[in-house]
Amino acid sequence: VDSSIANTTLTAQTTGAAGHIPVRSSTPPDPTDPAAARHLVQWAPPGALLGQALAQQSNFAAALGARYYLANNLDVTLPDAQGCSAGAAIAFIKAQAATPTITAADGQRIVLANGQSDSRILFDINAEIILIWNGTNWEV
């Protein structure tokens, strides 16, 4: 337990937007910022990627706003997000030995952090990834 926050009451910032819900922060507070330790709870918008992941063991079409656990080498098809608001997202975690393939809908691309893009990606890192629709393409 971090002794600098061990006796801190978990409270949410009072600046949450209407309709947002308080959730435990996914990032630890900055230990050099005394105000940060008071806000271990953050506000999440409705439809945020929260909760237990849906386990998948065979090929499937993903749904916006869902979080999936990919148990093996399977194929995931992203939904056609044309017309969706920028910020729509889907989260994926996977078994360590799995190497699933994630494919965008026809004509859509998946843009990586390095700027490269393709219509499909091989999910080969052991981390959670979140694909976010930017209004034109999916971004990792």
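**Notes on two sheets, a core and a lysine**

1. Let's start with one pair of residues: Tyr69 has Ile93 as its bridge partner in strand 7. The two strands involved are strand 5 (residues 67-70) and strand 7 (residues 89-94), which pair in the parallel sense over four bridges. Two strands count as paired if DSSP finds at least two bridges between them. Strands themselves are DSSP runs of E with at least two residues, numbered from the N terminus.

2. Before going on, some housekeeping. This is a predicted model, so local features need pLDDT of at least 70 and side-chain atom pairs count only at pLDDT 80 or more, while totals for chains, interfaces and linings use all residues. Residues are numbered from 1 along each chain as its sequence is written, and side-chain values use heavy atoms, with hydrogens and water left out.

3. Strands 5 and 7 belong to an open sheet of seven strands, ordered 3-5-7-12-13-9-10, with mixed pairing. Its edges are strand 3 (54-56) and strand 10 (117-118); each has a single partner strand, so one side of each lacks a neighbour in the sheet. As a reminder, strands of a sheet pair through backbone hydrogen bonds, either parallel or antiparallel.

4. Carry on along the sheet from strand 7 and you meet strand 12, paired with strand 7 in the antiparallel sense over four bridges. Here Ile90 has Leu131 of strand 12 as its bridge partner. Strand 12 (residues 129-133) is worth a look for its two faces: Ile129, Leu131 and Trp133 make up the covered one, Ile130 and Ile132 the uncovered one.

5. What does strand 12 do next? Strand 12 pairs with strand 13 (residues 138-139), antiparallel, over two bridges. One match to find is Ile132, whose bridge partner in strand 13 is Glu139. The hairpin of these two strands has four residues between them, and Gly135 takes a positive phi there, near 105 degrees.

6. There is also an open sheet of four strands, in the order 4-6-8-11, again with mixed pairing. Strand 4 (60-61) and strand 11 (120-122) are its edge strands, each pairing on one side only. Strand 8 (residues 101-103) runs antiparallel to strand 11, and three bridges join them. Look for Thr101 opposite Leu122 of strand 11.

7. Thr103 also lies in strand 8. Is Thr103 buried or exposed? Thr103 counts as buried, at 16% relative accessibility; the cut-offs are under 20% relative accessible area for buried, over 50% for exposed and partly exposed in between, with a 1.4 Å probe and protein chains only. Leaving out residues up to four places away in sequence, Thr103 touches Val76, Thr77, Leu78, Ile110, Ser119 and Arg120. Contact here means heavy atoms within 4.5 Å.

8. On to the inside. The largest nonpolar core has 21 residues, and Leu78, Phe92, Ile102 and Trp138 have the most contacts inside it. Strands 5, 7 and 12 each supply at least two residues of this core, and strand 12 gives the most, with three. By definition, such a core is a set of buried Ala, Val, Leu, Ile, Met, Phe, Trp, Tyr and Cys residues joined through side-chain atoms within 4.5 Å.

9. Lys94 deserves a second look. Lys94 sits in strand 7 and is buried, yet has no salt bridge: Asp124, the nearest side chain of opposite charge, is 7.4 Å away. (Lys and Arg count as positive, Asp and Glu as negative; His and the chain ends are not counted.) What does the Lys94 side chain reach? The backbone oxygen of Gln96, at 3.3 Å. A polar atom of the Lys94 side chain also lies 2.6 Å from the backbone oxygen of Ala98.

10. Beyond neighbours within four places in sequence, Lys94 contacts residues including Tyr69, Pro100, Asp124 and Ile125. Ile125 is in the loop between strand 11 and strand 12 and is partly exposed, with a relative accessible area of 44%.

11. Finally, charges. The count comes to one salt bridge, the rule being a side-chain nitrogen of Lys or Arg within 4 Å of a carboxyl oxygen of Asp or Glu. Arg67 forms a salt bridge with Glu128, with the closest N and O atoms 2.7 Å apart. This pair links distant parts of the chain, 61 residues apart: Arg67 in strand 5 and Glu128 in the loop between strand 11 and strand 12. Arg67 is partly exposed at 22% relative accessible area, and Glu128 is partly exposed at 37%.

Notes: Lys and Arg count as positive and Asp and Glu as negative; His and the chain ends are not counted. A polar contact is a pair of N or O atoms within 3.5 Å; within protein, one must be able to donate a hydrogen and the other to accept it, and residues adjacent in sequence count only if both atoms are side-chain atoms.
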